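Trainee: Please take one part of this model and walk me through it closely. I would like the annotated domain, from its fold to its pocket.

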Amino acid sequence: EAIRHSTKKEKMEQTFIMIKPDGVQRGLVGEIICRFEKKGFYLKGLKFITVDQSFAEKHYADLSAKPFFAGLVEYIISGPVVAMIWEGKGVVATGRTIIGATNPAASAPGTIRGDFAIDIGRNVIHGSDSVESARKEIALWFPEGPVNWQNSLHPWIYE
Ligand code: IDP
Ligand code: MG
């Protein structure tokens, strides 16, 4: 007998994930997308672009007073990045767990930074730190909004 699936609407969240220029250069794009896909999150936006200085400064505006700000901006504009919207229940916090701690030296093995990075200034990937940051970052990177589609596996991922 087929299992019965709830028709209740899950409380879905969206987060902004960016594979930084070092992640692209090091050939980690497929691996990183794979981890979010296999977890069960839904890809709702994806673009491969190089951003300019003023755009990077906007993205990291909250960090503008930090001593590493100029170097951070230079790093982010140094090559193309993969910008993505991922959707799912709890995806903001779980996305951060999948990514690992800011400093790869403190990131657990099994996390993206724990597995693939060494230096804090070359930590491969960005993920929104709250639902509110996610909303702002998605609006900045995807002014056209997310791609509207439904995954047909939904009832096999959510009870
Ligand atoms: P997060 O990316 O884990 O959210 P944030 O504190 O928001 O970490 O910092 C944004 C990015 O700035 C980090 O991912 C890292 O690339 C860079 N960064 C943070 N702290 C340092 C530092 O002390 N030196 C160099 N780069 C840093
Ligand atoms: Mg942050």
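Mentor: In this predicted model, the end C-alpha atoms of residues 12-149 lie 14 Å apart. Helix makes up 41% of the span and strand 19%. The UniProt record, an unreviewed entry, annotates these residues as "domain: Nucleoside diphosphate kinase-like".

Start with the sheet. It is open, has four strands and follows the order β2-β3-β1-β4. The pairing is antiparallel. β2 (42-49) and β4 (125-127) are the edge strands, each pairing on one side only. On average, neighbouring strands are turned by 15° against each other, direction ignored.

Now look at one pair. β2 and β3 (residues 81-88) run antiparallel and are joined by seven bridges. Within this pairing, Leu 43 stands opposite Trp 86 of β3.

Next, the helix on the sheet. α2 (residues 29-39) lies across β1 (13-19), β2, β3 and β4. Its direction is at about 5° to β3.

Then the pocket. The largest pocket holds about 740 Å³ of space. It is lined by 28 residues, and those closest to its centre are His 59, Tyr 60, Leu 63, Leu 72 and His 126. Four elements each supply at least two lining residues: α3 (53-59), α4 (69-76), β4 and α7 (131-141). α7 gives the most, with five residues. By class, the lining has nine nonpolar, nine polar and 10 charged residues.

Note where the two views meet. β4 is an edge strand of the sheet, and β4 also supplies at least two residues of the pocket lining.

Conventions: Residues numbered from 1 in each chain as written. Chains lettered and ligands numbered in written order. Predicted model: local features only at pLDDT ≥ 70, side-chain atom pairs only at ≥ 80, totals over all residues. Heavy atoms only, no water. UniProt positions renumbered as here; feature names shortened; annotations may be inferred. Pairing = 2+ DSSP bridges. Axes fitted to C-alpha atoms, helices over the stretch in contact; angles between N-to-C directions. Contact = heavy atoms within 4.5 Å. 1 Å grid on protein atoms, 1.4 Å probe; cavity = no way out; pocket = protein on both sides within 12 Å on 5 of 7 lines; lining within 4 Å. Points joined across faces, edges and corners; volume = space filled by probe spheres on them. Nonpolar A, V, L, I, M, F, W, Y, C, P; charged D, E, K, R; others polar.
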